[in-house]
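Student: I would like to learn how to read a structure with several chains, one feature at a time. Could you take me through the one shown here?

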Amino acid sequence: MIDNKNSRRSFLGKAAAAVGVIAAAGYVKTLISGAASPTAGVAEKYTNDATQQEKALMENRLVIMTDAEKTQRLDELLNCHYKELS
Amino acid sequence: MSEENNVKMEESADLDKGRRDFLKYVCTSSAAALVVASESSAAAVEAADDSDAEMTVTEFFQGHFVLMSDEEKKQAIARLEKRYTAKYGKKTTVSDVAAPEGVLFGYALDISKCIGCRRCVHACVEENNQSREGSVIQWIQVMKIPKGNLSFSADKLENGYPEKSQFGDYGVQVGGNAYSPAGLTTEGAQSYYQDETVPDKDFFYMPVQCQQCEKPPCVKACPVRATFRDHAGVVLIDYNWCIGCRMCQLACPYQARRFNWGEPSLPAEEMNPKTHYFGNRPRMRGVMEKCTFCVQRTREGRNPACLEACPVGARKFGNLLDPESDVRKVLATKRVFRFKEEYGTYPKFFYYIG
Amino acid sequence: MKKAWSFAKDTSLYAIKGGTIFYAWLLFLFFFILVGSYTSYRQFTEGLILTGATDQITLEMFFANFVFTAHVAAAAVLVVAPGYFYHRKDIKELAVIGEIIAMVFVATGITFILYHMGRPDRLFHMMPGIGFLNFPNSMLVYDTIVLNVYLFLNLIGVLYILYNKYVGQFDSKHLARWFTPIVYLAIAWGPLIHIVTAFVLASNARMEPWATAVLPFGFLSMAGASGPALIILIFLLARKYSKLEINDSIIDLLTTIIAWSLGILTLVFASEMFSVLYSSTEHADSLKYTMFGHNGLNMYVPWFWGDIGTLIGCFIALLFPGIRRSYNFWLPIVCFLVFFGVLVEKPMVLVFPAFSPSPLGEYTEYHVTLIEFFNVLFIWAIAFLWLTLIIKGAIGILTGEVRYHKSSPHKVEQS
């Protein structure tokens, strides 16, 4: 073709570049499989999510009904239950 | 030219021969599978081993269950029973009992009685073999909605925009005291509460599951008709036909459908072995599932698991065509409404204030 | 048969040869193909749980990118149409490039759908005859049919033109009788695939940002912006690196199409925002979430404003003749911004924020996973690889460098 030495050098250059790309791809693959590994990280992520959620929900004041309020509610329900729409 | 024609004819003859061989292979292998399946279903538990727990090629190529002949249905059921028995180590039955004639199933839920205990959620999960660890799938979602009497106060009367000083005494255009959600609205609904005791005085609870619409948008959207409405009114899914495109989940206005994003994890000791083909049989990765009104129970005249678990009796189920059923009585005498009825889906899940 | 075989061989050999930059580009794509093969394997064995999709946000990046490929595929006919409708011979020569872009992008869209499905192994359930197709109800069925037909139409168009030019039998005044109707059908079919894709989204009444009559118009205007942007970039590259002659007037026509499309898109955005935000009903909750965030969930706010700003900025930029004629600097930049602006708008503005609030009032943000991201890059890398190789081969045939009578020295001359 053109220059024997030149074409061999360019071929070697291309081969080196290809090998570099394959090596980089392998490295990225290990990064991804490390990041997406099931066992360790997942439990951590779930507990992290759960604690965040718990924090958000705990900001609501939970108001428990007193016994009087419970009886009142039950009375209203039963009253309604036995009444029928005409 | 004539040479080309001869070549073409030879090629097509080869193809025909290839096709005949393939068909012969498929027929003999499925006939053999038939024989093997009928023999082995009786001795399923003893002969179970790991290879039986995998899906067979014949199961992979089975068609839509509703379109199968009776013989094909029997074979499909036998295959599934064998596979589930091998996988979970329990004698599993997969029923394909049909919906009863002259029945239209309906549900009614009293939101004044619901205390948000979520026993229905867990009973449903125990009955219907959902994925437990990893992906936790729950078909019923209970919304904890603030009652709406929390945010009124006199010093908020002038809050809003534009501010009062800009327009003198003409008052605010947007804002003021009642500018927050109140009553039955999904705005501000919390579905993932973890209260230790229920009910919370300032909230009321509204469980949502598949509303079994009469005009289901999910059925219309499914490209392969894997989800369909049976003649008892229940919207069902053929799990072996679903391709996992999730068009139905896009279409559902009630967020009722659940997808198996990963391989469902169901411990064998928690598995319910009495299953139905369209109901609670264990699903596989990549298919949709949802509440079926416990089709394995209701087609045999029993009540759904959520109804039996409710401690306050807020749930009612029955045949809408029978005027003496609980649901009909509720519809006749109580203040009933449908959830999101503006979508025109005509659900058979009615909410009422008892 | 021999001609067809040498057509394939000569074109392929011509396509893979190139200089350093070309090789570097192929290696760049190859990197993503390598990484993507691993991530695709993970996804197809472990399932969609490796993506960031949830029951609340049920679509992933694959579907959002699929909608984008439908944009570009629909708009590729904008290179074909002027040649045939307005008898511009210079564009007619380049029509095949538009058909190649359409073909590759439709195939890419179908690949994205395959990655979106939970059970791609059950794809045969959708084949008419073997499976059961929910016709005429399901919009996805219509979409599948029109996409495959479009792929087929463009394939026929491309093969006819390139093969006949290759063997030297192409005569634009005496085309085969069946060819011109196929081209006209493909030109009409392009917008059709896009309208059906818009209907696939708009058919869901509960997705309130999508269930709007303006969605097909928004899609078509975004197609008219992003498609020609890519085509201009490809033409500029072809002018620089090959002997293909492309008049400035062709580039100007495409720039005009982009400018008009962005103008209509501005109107579409403005009308959407007005009709939703003026009365500000519950219908507006999703758009307000995208524009302003909700209760601290602000992920989409910068994406929305940045993206709308980019697109409107590009529209204003294209109104200046100086920018439109700056073929070597400003125009490529603007086209690049338009292409990526519309591409990013699909997941970050159209798809993911539209799912909040969910029907039961949940607001969620979508978090892309690495596996999903690299799968998207994998599919794009394959798309651009096909695009590069086929267009390079086509340019070889169009410029006359690849011809049938050029047999290699080793071959024995047939008498």
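## Reading helices, chains and contacts

Tutor: Let us begin with a pair of helices, and please keep in mind that this is a predicted model. In chain C, helix α2 (residues 20-46) packs with helix α14 (residues 370-399) at an angle of about 135 degrees, and their axes are 7 Å apart.

Student: Why are those two quantities, the angle and the distance, chosen to describe the pair?

Tutor: Two packed helices are described by the angle between their axes and the distance between the axes. In this case α2(C) and α14(C) are oblique to each other, because the angle of about 135 degrees does not exceed the 145 degrees above which a pair counts as roughly antiparallel. The crossing of α2(C) and α14(C) is left-handed.

Student: Which residues of α2(C) and α14(C) meet each other?

Tutor: On the side of α2(C), the residues include C:Trp25, C:Leu29, C:Phe32 and C:Ile33, and they meet residues of α14(C) that include C:Phe374, C:Phe378, C:Ile382 and C:Leu385. Sorted by class, the residues of the contact of α2(C) with α14(C) are 13 nonpolar, six polar and one charged.

Student: What does a second pair, α8(C) and α9(C), look like when it is read in this way?

Tutor: Helix α8 of chain C covers residues 215-241 and helix α9 of chain C covers residues 248-277, and their axes come within 8 Å and cross at roughly 155 degrees. That angle makes α8(C) roughly antiparallel to α9(C). The crossing of α8(C) and α9(C) is left-handed. Among the residues that make the contact are C:Phe217, C:Met222, C:Pro228 and C:Phe235 of α8(C), together with C:Ile250, C:Leu254, C:Ile258 and C:Val268 of α9(C). By class, the contact of α8(C) with α9(C) has 17 nonpolar residues, five polar residues and no charged ones.

Student: How many helices and strands does chain C have as a whole?

Tutor: Chain C comes to 14 helices and zero strands, and along its principal axes the C-alpha trace spans about 80 × 55 × 45 Å. A compact globule of 415 residues would have a radius of gyration near 22 Å, and chain C agrees with this because its own value is 22 Å. Of the 415 residues in chain C, 47% are buried. If we look at contacts in chain C with a separation of 6 or more, residues 24 or more positions apart account for 80% of them.

Student: Where does a single residue such as C:Tyr363 lie, and is C:Tyr363 exposed or partly exposed?

Tutor: C:Tyr363 lies in the loop between α13 (330-351) and α14 of chain C. It has 18 C-beta neighbours inside 10 Å, and therefore C:Tyr363 counts as partly exposed, since a residue needs 20 or more to be called buried. Leaving aside residues up to four places away in sequence, C:Tyr363 touches C:Tyr289, C:His294, C:Asn295, C:Leu297, C:Ser356 and C:Pro357. From C:Tyr363 to C:Asn295 the distance is 9.2 Å, C-alpha to C-alpha, while the two are 68 residues apart in sequence.

Student: How many residues do chain B and chain C each bring to their contact?

Tutor: To describe a contact between chains, we can look at what each chain supplies, and here 41 residues come from chain B and 34 residues from chain C. On the side of chain B that touches chain C, two or more residues are given by each of β3 (141-146), α6 (217-221), α7 (247-251) and β9 (258-259) of chain B. The element that gives the most to this side is α7(B), with four residues. By class, the side of chain B that touches chain C has 23 nonpolar, eleven polar and seven charged residues.

Student: Which elements of chain A supply at least two residues to the side that touches chain B?

Tutor: In that contact, 13 residues of chain A meet 14 residues of chain B. The elements of chain A that each supply at least two residues are α2 (39-58) and α3 (67-82), and α3(A) gives the most, with four residues. The residues on this side of chain A divide into eight nonpolar, two polar and three charged.

Student: What is the make-up of chain A and of chain B, taken one after the other?

Tutor: Chain A has three helices and zero strands, and 1% of its 86 residues count as buried. Chain B has ten helices and 14 strands, and buried residues make up 40% of its 354 residues.

Notes: Residues numbered from 1 in each chain as written. Chains lettered and ligands numbered in written order. Predicted model: local features only at pLDDT ≥ 70, side-chain atom pairs only at ≥ 80, totals over all residues. Axes fitted to C-alpha atoms, helices over the stretch in contact; angles between N-to-C directions. Parallel < 35°, antiparallel > 145°, perpendicular 65-115°, else oblique. Left-handed = near helix turned anticlockwise from the far one by under 90°. Contact = placed C-beta atoms within 7 Å. Nonpolar A, V, L, I, M, F, W, Y, C, P; charged D, E, K, R; others polar. Buried ≥ 20, exposed ≤ 12 C-beta atoms within 10 Å, placed from the backbone. Rg over C-alpha atoms; globule rule 2.2 N^0.38 Å.
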